[in-house]
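Biologist: Before we begin, I should like to learn how such a structure is to be read. Please take me through it feature by feature.

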Amino acid sequence: MSAQRELGDNHGQRQGDLTTMRIAVLDDDPLQLELMDQVVRQAGHLSCLHHSGAAFLQDLRRESFDLLLVDWEVPDISGPEIVRWARENLPPTLPIVFITHRSEERDIVQGLACGADDFIVKPVRVAELQARIAALLRRAYPQSQQDVLEFGPYRFTQSTFTAQF
């Protein structure tokens with residue numbers, strides 16, 4: 001089952017100088033899921049929360065997301081299976097982060113090898129997770145970070161909807 005913490009359809013919408021992104025989160029631990037939700041919302045993004053791998057995959061098939069946060073061990077499907085499915089079926093630039101209790105080198109290597117872009121060991125450090133999310137989004141969607149666009153003598157500021165000649 002998924003729970004969405006959204007205020008309308010703001011997918012990729014600019015709010016002031018921040019672009020709001022939709023982030024799908026998978027974790028079977030309600031406390032961890034709530035923490036991830038708080039981190040995502042504090043960063044100014046929208047979260048779509050999932051308690052099971054099946055619900056997560058169902059939403060990935062029907063909706064689009066800008067970043068995925070995936071726990072390795074959920075009861076119905078493994079995190080690596082989910083990441084492999086995402087890499088085979090979703091845009092290749094979609095950032096994916098494993099967040100797990102697994103900390104062995106072989107687990108980190110396996111997680112990255114199956115397609116994750118980053119790997120965070122629990123307990124999650126909030127500021128670090130926010131920084132990693134921001135870095136991955138900045139690399140995956142560089143155009144959404146630009147507030148000012150310049151074309152020859154023309155300058156457009158997206159946040160204020162102004163143009164200068």
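Modeller: The chain has a mean pLDDT of 86, pLDDT being the predictor's confidence in each residue, from 0 to 100, and 81% of its residues reach 70 or more. This is a predicted model, in which local features need pLDDT of at least 70 and side-chain atom pairs count only at pLDDT 80 or more, whereas totals for chains, interfaces and linings use all residues. Residues are numbered from 1 along each chain as its sequence is written, and side-chain values use heavy atoms, with hydrogens and water left out.

Biologist: Over which residues does pLDDT stay under 50?

Modeller: That stretch is residues 5-18. The model has 35 contacts (heavy atoms within 4.5 Å) for it beyond four places in sequence.

Biologist: How should I read the largest nonpolar core, and which residues have the most contacts inside it?

Modeller: In soluble globular proteins, nonpolar side chains tend to be buried together. A nonpolar core is a set of buried (under 20% relative accessible area, 1.4 Å probe, protein chains only) Ala, Val, Leu, Ile, Met, Phe, Trp, Tyr and Cys residues joined through side-chain atoms within 4.5 Å. Here the largest has 43 residues, and Leu68, Leu69, Leu129 and Ile133 have the most contacts inside it. Helix 5 (residues 126-140; helices are DSSP runs of H or I, at least four residues) gives the most to this core, with five residues.

Biologist: What does leucine 69 touch beyond four places in sequence?

Modeller: Its partners include Ile23, Phe56, Val97, Leu129 and Ile133.

Biologist: Is glutamine 32 buried or exposed?

Modeller: Glutamine 32 is buried, with a relative accessible area of 16%. This residue lies in helix 1 (residues 30-42).

Note on methods. Buried means under 20% relative accessible area, exposed over 50%, partly exposed in between (1.4 Å probe, protein chains only). Helices (H or I, at least four residues) and strands (E, at least two) are DSSP runs, numbered from the N terminus.
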